[in-house]
Amino acid sequence: MISNPKDAQAEYFHYASFSNALSIGKDDAVIFIGNKYREAFPGGEYYSDVTIALANELKNNGQPQEFLEIAN
């Protein structure tokens, strides 16, 4: 994901990493990878899914300012 960002599967690797971190409760990783995904793939296939899950994660982890930035 980081070592080869131009790989044809980079978007999928970002999403899979995000999804896995979410499923095992790695909050810091979810937030980090979610933000990286949104930066790298603003029109991406999983953008809406990542945005919703990331917003929920920010809200649940006491980061209201970041939550509001994404939610708007």
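Which residues is Val-50 in contact with, leaving aside its neighbours within four places in sequence? The legends below begin with the whole chain and reach this residue in the third view.

**View 1. The whole protein, a predicted model of 4 helices and 0 strands.** This is a predicted model, in which local features need pLDDT of at least 70 and side-chain atom pairs count only at pLDDT 80 or more, while totals for chains, interfaces and linings use all residues. Residues are numbered from 1 along each chain as its sequence is written, and side-chain values use heavy atoms, with hydrogens and water left out. From the N terminus on, the order of elements is α-α-α-α; helices (H or I, at least four residues) and strands (E, at least two) are DSSP runs, numbered from the N terminus. The C-alpha atoms fill a box of roughly 35 × 25 × 15 Å along the principal axes. The radius of gyration is 12 Å, which agrees with the value near 11 Å for a compact globule of 72 residues. This radius is taken over C-alpha atoms, and the globule rule is 2.2 Å times the number of residues to the power 0.38.

**View 2. The largest nonpolar core of the protein.** A nonpolar core is a set of buried Ala, Val, Leu, Ile, Met, Phe, Trp, Tyr and Cys residues joined through side-chain atoms within 4.5 Å. Buried means under 20% relative accessible area, exposed over 50%, and partly exposed in between (1.4 Å probe, protein chains only). Of the 72 residues in the protein, 32% are buried. The largest core has 15 residues, of which Phe-18, Tyr-37, Val-50, Leu-54, Leu-58 and Ile-70 touch the most other members. Two or more residues of this core come from each of helix 1 (10–23), helix 2 (27–40) and helix 3 (47–60). Helix 3 gives the largest share, 5 residues.

**View 3. Val-50, a buried residue of helix 3.** The relative accessible area of Val-50 is 0%. Leaving aside its neighbours within four places in sequence, Val-50 is in contact (heavy atoms within 4.5 Å) with Tyr-15, Phe-18, Gly-34, Tyr-37 and Arg-38. Asn-35 is 15 residues from Val-50 along the chain, and their C-alpha atoms are separated by 8.8 Å.

**View 4. Leu-54 in helix 3 and its contact with Phe-18.** Leu-54 is buried, with a relative accessible area of 0%. Beyond its neighbours within four places in sequence, Leu-54 is in contact with Phe-18, Val-30, Ile-31, Gly-34, Asn-35, Arg-38 and Ile-70. Between Leu-54 and Asn-35, 19 residues apart in sequence, the distance from C-alpha to C-alpha is 7.9 Å. Phe-18, again without its neighbours within four places in sequence, is in contact with Val-30, Ile-33, Gly-34, Val-50, Ala-53 and Leu-54.

**View 5. Two partly exposed residues, Asn-56 and Glu-66.** Asn-56 belongs to helix 3 and has a relative accessible area of 40%. Its C-alpha atom is 9.3 Å from that of Ala-71, and the two residues are 15 apart in sequence. Glu-66 is found in helix 4 (residues 64–71), with a relative accessible area of 35%. Glu-66 and Leu-54 are 12 residues apart in sequence, with 9.7 Å from C-alpha to C-alpha.

**View 6. The surface and the charges of the protein.** The accessible surface is about 4,800 Å², of which 50% belongs to carbon and sulfur atoms. Accessible areas come from the Shrake-Rupley method with a 1.4 Å probe; for residues, only the protein chains shown count as cover. The mean positions of the 5 positive and 10 negative charges are 3 Å apart. Lys and Arg count as positive and Asp and Glu as negative, whereas His and the chain ends are not counted. Each charge is placed at NZ of Lys, CZ of Arg, CG of Asp or CD of Glu.
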